[in-house]
Amino acid sequence: MATEETPNPPPPLQSQTLPPSTLPLYPEMIMTAVEALNNEANKSAISKHIETAYPNIPATHSTLLSHHLNKMKQSGQLVLVKNNYMKPDPNAPPKRGRGRPPKPKAPMSPGAVASPPRPRGRPPKPRDPFAPVPSPTKKAASSGSGRPRGRPPKKVKTAASSAPAVAPTGGSPRGRGRPPKVKPAVAPVGC
């Protein structure tokens with residue numbers, strides 16, 4: 001009986017660990033580039049400064065740089081002025097949001113009760129207190145010709161009016177649209 005020998009299992013893979021990156025984090029590299037470049041720190045200048053200062057940058061450098069610049073701009077770590085990135089001025093007033101700022105509310109006294117908010121729309125016209133009150137059932141007559149406003153309604157066909165109208169020259173009623181061309185009569189041949 002032949003014994004089957006199992007092949008030797010492959011040796012365990014050695015963990016392929018990359019050497020720890022000597023690059024600092026992107027926000028740190030960006031801040032050092034902004035400090036070094038002063039007020040001429042646009043995106044391309046920051047990129048060139050990082051490439052010269054750190055030779056082992058990843059292949060996705062431009063994408064990472066754009067992402068971190070946008071993130072730092074939104075968080076307030078950097079300010080973008082005329083396409084140049086700079087550190088925000090600590091003495092500058094805070095940036096105001098869009099739109100009109102709300103009116104400051106006056107503090108109410110402790111015993112006062114807040115009135116309900118004003119309803120939407122245009123307020124009604126003031127009425128004359130000495131004028132007679134119009135009755136709600138009687139509709140005010142419209143001034144002018146006495147006819148109602150707008151287009152008159154279509155007339156409903158009744159039994160007497162539903163009979164077809166007879167054309168004065170012919171015996172059949174005229175249909176809608178353009179009448180068809182009259183073809184000349186053809187006499188039968190060979191009878």
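These figure legends walk through several close-up views of a predicted model.

**Figure 1. The protein as a whole: helices come before strands.** Let's start by getting our bearings in this predicted model. The protein has 3 helices and 2 strands. Starting at the N terminus, the order of the elements is α-α-α-β-β. How many residues does the protein have, and what percentage of them count as buried? The protein has 191 residues, and 10% of them count as buried. Looking at contacts between residues at least 6 apart in sequence, 47% join residues at least 24 apart.

**Figure 2. Helices H2 and H3 pack against each other.** Two packed helices are described by the angle between their axes and the distance between the axes. Here, H2 covers residues 43–53 and H3 covers residues 61–75. Their packing angle is about 125°, and the axes are 11 Å apart. That angle makes H2 oblique to H3. The crossing of H2 past H3 is right-handed. Which residues make the contact? On the H2 side they are Lys-43, Ile-46, Ser-47, Ile-50 and Glu-51. H3 contributes His-61, Leu-65, Ser-66 and Leu-69. Sorted by class, this contact of H2 with H3 has 4 nonpolar residues, 3 polar ones and 2 charged ones.

**Figure 3. The largest nonpolar core has 13 residues.** Which members of this core touch the most other members? They are Ile-30, Val-34, Ile-46, Ile-50, Leu-65, Leu-69 and Leu-78. Helix H1 (26–37), H2 and H3 each supply at least two residues of the core. The largest share, 5 residues, comes from H1.

**Figure 4. A closer look at Leu-65 and its contacts.** Leu-65 is a good residue to find next, as part of H3's contact with H2. Leaving aside residues up to four places away in sequence, Leu-65 touches Tyr-26, Ile-30, Lys-43, Ile-46, Ser-47 and Ile-50. Ile-30, Ile-46 and Ile-50 are, like Leu-65, among the core residues that touch the most other members.

**Figure 5. The buried residues of H2 and what covers them.** Which residues of H2 are buried? They are Ala-45, Ile-46, Ser-47 and Ile-50. Their cover includes H1, H3 and E2. Ile-46, Ser-47 and Ile-50 also take part in the contact with H3.

**Figure 6. Lys-82 and Asn-83 sit in the loop between E1 and E2.** Most residues other than glycine have a negative phi. Keep that in mind for the two residues in this view. Lys-82 is not a glycine, yet its phi is positive, at about 50°. Asn-83 is not a glycine either, and its phi is also positive, at about 70°. Are these residues buried or exposed? Lys-82 has a relative accessibility of 78%, so Lys-82 counts as exposed. Asn-83 counts as exposed too, because its relative accessibility is 60%.

**Figure 7. Asn-84 lies in strand E2.** Here we follow the chain from the loop into E2, which covers residues 84–86. Why does Asn-84 count as buried? Its relative accessibility is 16%, and buried means under 20%, so Asn-84 counts as buried. Setting aside residues up to four places away in sequence, which residues does Asn-84 touch? Its contacts are Asn-39, Glu-40, Ala-41, Asn-42 and Val-79. Of these, Val-79 belongs to strand E1 (79–81).

Note on methods
Residues numbered from 1 in each chain as written. Predicted model: local features only at pLDDT ≥ 70, side-chain atom pairs only at ≥ 80, totals over all residues. Heavy atoms only, no water. Axes fitted to C-alpha atoms, helices over the stretch in contact; angles between N-to-C directions. Helix = DSSP H or I, 4+ residues; strand = E, 2+ residues; numbered from the N terminus. Parallel < 35°, antiparallel > 145°, perpendicular 65-115°, else oblique. Left-handed = near helix turned anticlockwise from the far one by under 90°. Contact = heavy atoms within 4.5 Å. Nonpolar A, V, L, I, M, F, W, Y, C, P; charged D, E, K, R; others polar. Buried < 20%, exposed > 50% of the residue type's maximum accessible area, 1.4 Å probe, protein only. Core = buried A, V, L, I, M, F, W, Y, C linked by side-chain atoms within 4.5 Å.
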